[in-house]
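This report goes through the sheets, one helix, the aromatic contacts and some backbone details of a single protein model. The model and its sequence are shown first.

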Amino acid sequence: MDKSKVIFGNVMPQGTYKKACKGKAKNAKKYGYDENKSYPTVIQKNPYIGDSLNVDNILVGELDTNNHYNPEADTTTDFDMDKGIIVGNIRMGFGHYRISMAMASCAKAMGYKPYWMDLNSYNETPCTKIIAASNELYSLGSRWSKNPIFNKLVWEPVNYETFRQLSYNCADQKNAEIMGQVYNNVPKDIPVIGTHAWPAQAAVHAGMKYVVNAIPDNWPMALHFSEGSVHTIQCKFANQGYRICNGMQKKKVCQPMPNDALVYTGHYIDHELVDNIDADCDARMARKAEGKATRYLLTIGGAGAQRELFAPIIQHLMPEIKAGKAVIYLNIGDYKEVWDWMKNEIAGVADVATEHMDNWSETEEFCESALNPSTDVKGVHVFWHKNIFEAVYATNLLMRSSDVLVTKPSELAFYPIPKLFIRRVGKHEMWGAIHSAEMGDGTLECRDIPHIIQMVDMFQKDDHLLGEMCDSIKANNKVGLYSGAYKVVEIAMGLRDKK
C-alpha cells in the first residue's frame, strides 16, 4: 500500500496525493536523487558522547562530507547484530538530539549498543539536503515568531493546524521514499528508534523491520505519523487525540489508528537523570533550607530565539547574584553571539561572569564539582560549545546541580527538574507547560516579562514552590513517569525478539 495514498485507513483526496507526488519529483530533481545510488556506510565511535553514552555514529556517504566524521578514528562495517539499536534523528532545533541522547543513555544502561544515525549529517545525500532546507525554514520561522503579527497569523497556525493535517503526512511520506536511501546499507534486522517522524518514515520505506517512532509532542499532529512503526507517546493526554486522528482532516471523522500502533511510555529522560532524581531533589531542598543561592539554568534552544527573554531575568537577578543569593547557569548552546549580545545588553554582567568556552573537560569538571554539597557556586556561568553534541548535552550535565530550569515548554518540559516556562515558540508547545503544571513539576507558561519576573521572585523568596515541585517529581518518579526512554528501548528490542 502506498503510504501517501492511505494513512491508517484514511484515503487521501486525489488532489492531495498528486501534490505530494509532484513535491517528491521536484525534490528528487532539485537534490539529485538517483534511486540506483548506493552510499558507502561505516561505523565510527562518536568523538563527543562516545565515552559518555557508548554511542557509535553510522556514517553514510563519503567520509569527508560527514559532519560527525573523525579522520583520526577507526571505522568498521561490523554492526552488533545481537545488542545493536539505532537511534535515528535529525537536527531540527536541539529537541530531537536531546531525546536521542535519552534513548542512547537508557539503551546503554540496559546493556545494548546504541548507534547514532543523524539523517541531517549526510551532506552529499538528497535525504540530508531535503532535511537541511526544511530545518533552515523552521529556524527562520522560529526567529521571526518574535514578531507578534507573524506569530499570530503564520507561525502559530502552521505549528498548530497545518502540521496537524493528514495532508502534511501525505507529502512527508513521499519525501521519505527519497530519504530511505540512507538505510540501504544498514542491516534490516537492527531495531530503529526514530526521534522524529522522518527517520522513522525513512526506515520503514527502506525495509527496516523493527521501527519505533518516539513522538515528541503531546499535541496530536499527523506530522508525527510513521505508519508501519510503533508510535510511542509521553503523555496520556495525547493518547486519544492520536488514536482517533482528531482534527486531522478538519471536521471529517477519521479512521482511528490500530491499538497496537500507539503505546504510552512516559517521559523520554536520560538514565543518568532518572537514576539520581531523589538525590538531586533532596540536594535542592537542602540548599534552600541552608539559605544558599538558588541556581537557575537558562538554556538557549536550537534556533537561538530566547535571548530577549533571558536578558531581563538576568538583569532582575543581578542584585541577588551580587549578594550571593542567586546563581545563573547560562547555556548558549552553539550560539556564541548570544553572549556577546548579552554583555552589551546587561550592565555589569561581564564583571560577575565566568566563561566556559568550548572546553568540554572543563564543563564536565564544573558540573561534577557543583554536585558536591560543599561547593559554593557564585555569579554567572556561561557555557558555549561549538559542537552540537556538547552544546546539547551540557544542559543535561548542568541540570543535576540546578534548582530551576528556565525554558520554553518544548522537549525540556518533560524533564525531572523544577521548571519556569517562558513564552513558547509555536502553539503546539503550550501543551508541554499545561502537562507539566498538571504533573506539578513546572509553572504555567509565562508569556510576558512581568509574569516571568513574578515567578522568578516566587522561586527566589517563597519557601514552598520549589519544595512542592521537588515532592511532585519524586512522587512522579515512583510511578514511572520519567521512565519512558527505557520503555521505548524495551519496545524496539521486543519487536525483534518476538520474531
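## Terms and model

A residue is called buried when its relative accessible area is under 20%, exposed when that area is over 50%, and partly exposed in between. The model described here is predicted.

## Two residues with positive phi

Cys 245 lies in the loop between helix 8 and strand 10. Its phi is positive, about 55 degrees, although Cys 245 is not a glycine. With a relative accessibility of 1%, Cys 245 counts as buried, because the cut-off for that class is under 20%.

Asn 54 is another non-glycine residue with a positive phi, in this case about 60 degrees. Asn 54 is found in the loop that runs between helix 2 (50–53) and strand 4 (56–60). Its relative accessible area is 32%, so Asn 54 is partly exposed.

## The eight-strand sheet

One open sheet has eight strands in the order 3-4-6-5-7-8-9-10, and its pairing is mixed. Strand 3 (41–45) and strand 10 (262–264) are the edge strands, each pairing on one side only. On average, neighbouring strands of this sheet are turned by 25 degrees against each other, direction ignored.

Within this order, strand 5 (residues 84–89) and strand 6 (residues 113–118) pair in the parallel sense over six bridges. Ile 86 has Tyr 115 in strand 6 as its bridge partner. Helix 7 (residues 197–205) packs on the sheet and touches strand 5, strand 7 (192–194) and strand 8 (211–214). The direction of helix 7 makes about 165 degrees with that of strand 8.

## The seven-strand sheet

A further open sheet has seven strands in the order 13-14-12-11-15-16-17, with parallel pairing. Its edge strands are strand 13 (353–357) and strand 17, and each of these pairs on one side only. Neighbouring strands here are turned by 15 degrees against each other on average, again with direction ignored.

Strand 11 pairs in the parallel sense with strand 12 (residues 326–331) over six bridges, and Leu 297 stands opposite Tyr 329 in strand 12. Helix 13 (residues 360–370) packs on this sheet, touching strand 11, strand 12, strand 13 and strand 14 (380–384). Between the directions of helix 13 and strand 13 the angle is about 130 degrees.

## Strand 15 and its neighbours

Strand 11 (residues 294–299) also pairs with strand 15 in the parallel sense, over three bridges, and Tyr 296 stands opposite Val 404 in strand 15. Three bridges likewise join strand 15 to strand 16, and these two run parallel. There, Val 406 stands opposite Leu 420 in strand 16.

In a regular strand the side chains alternate between the two faces of the sheet. In strand 15 (residues 404–407), Val 404 and Val 406 point one way, while Leu 405 and Thr 407 point the other way. All four of these residues are buried.

## Helix 15

The buried residues of helix 15 (residues 430–439) are Met 430, Trp 431, Gly 432, Ala 433, His 435 and Ser 436. They pack against helix 5 (148–162), helix 8 (237–243), strand 16 (419–421) and strand 17 (442–445). Just after helix 15, Gly 440 takes a positive phi of about 85 degrees.

## Aromatic rings

The structure holds 17 aromatic pairs. One of them joins Phe 237 and Trp 431, which are stacked at 4.7 Å centre to centre with 15 degrees between the planes. Phe 237 lies in helix 8 and Trp 431 in helix 15, so this pair ties together parts that are 194 residues apart in sequence. Phe 237 is partly exposed, with a relative accessible area of 41%, whereas Trp 431 is buried at 18%.

Ring pairs also link Tyr 48, Tyr 97, Trp 116 and Phe 389 into a cluster. Some rings have a lysine over the face: Lys 336 lies over Trp 384, at 4.9 Å from the ring centre. Lys 427 lies over the face of Tyr 160, at 4.5 Å from the ring centre.

How values were computed: Residues numbered from 1 in each chain as written. Predicted model: local features only at pLDDT ≥ 70, side-chain atom pairs only at ≥ 80, totals over all residues. Heavy atoms only, no water. Buried < 20%, exposed > 50% of the residue type's maximum accessible area, 1.4 Å probe, protein only. Helix = DSSP H or I, 4+ residues; strand = E, 2+ residues; numbered from the N terminus. Contact = heavy atoms within 4.5 Å. Phe/Tyr/Trp six-rings, centres within 6.5 Å; stacked < 30°, edge-to-face > 60°. Lys NZ or Arg CZ within 6 Å of the ring centre and 35° of its normal. Pairing = 2+ DSSP bridges. Axes fitted to C-alpha atoms, helices over the stretch in contact; angles between N-to-C directions.
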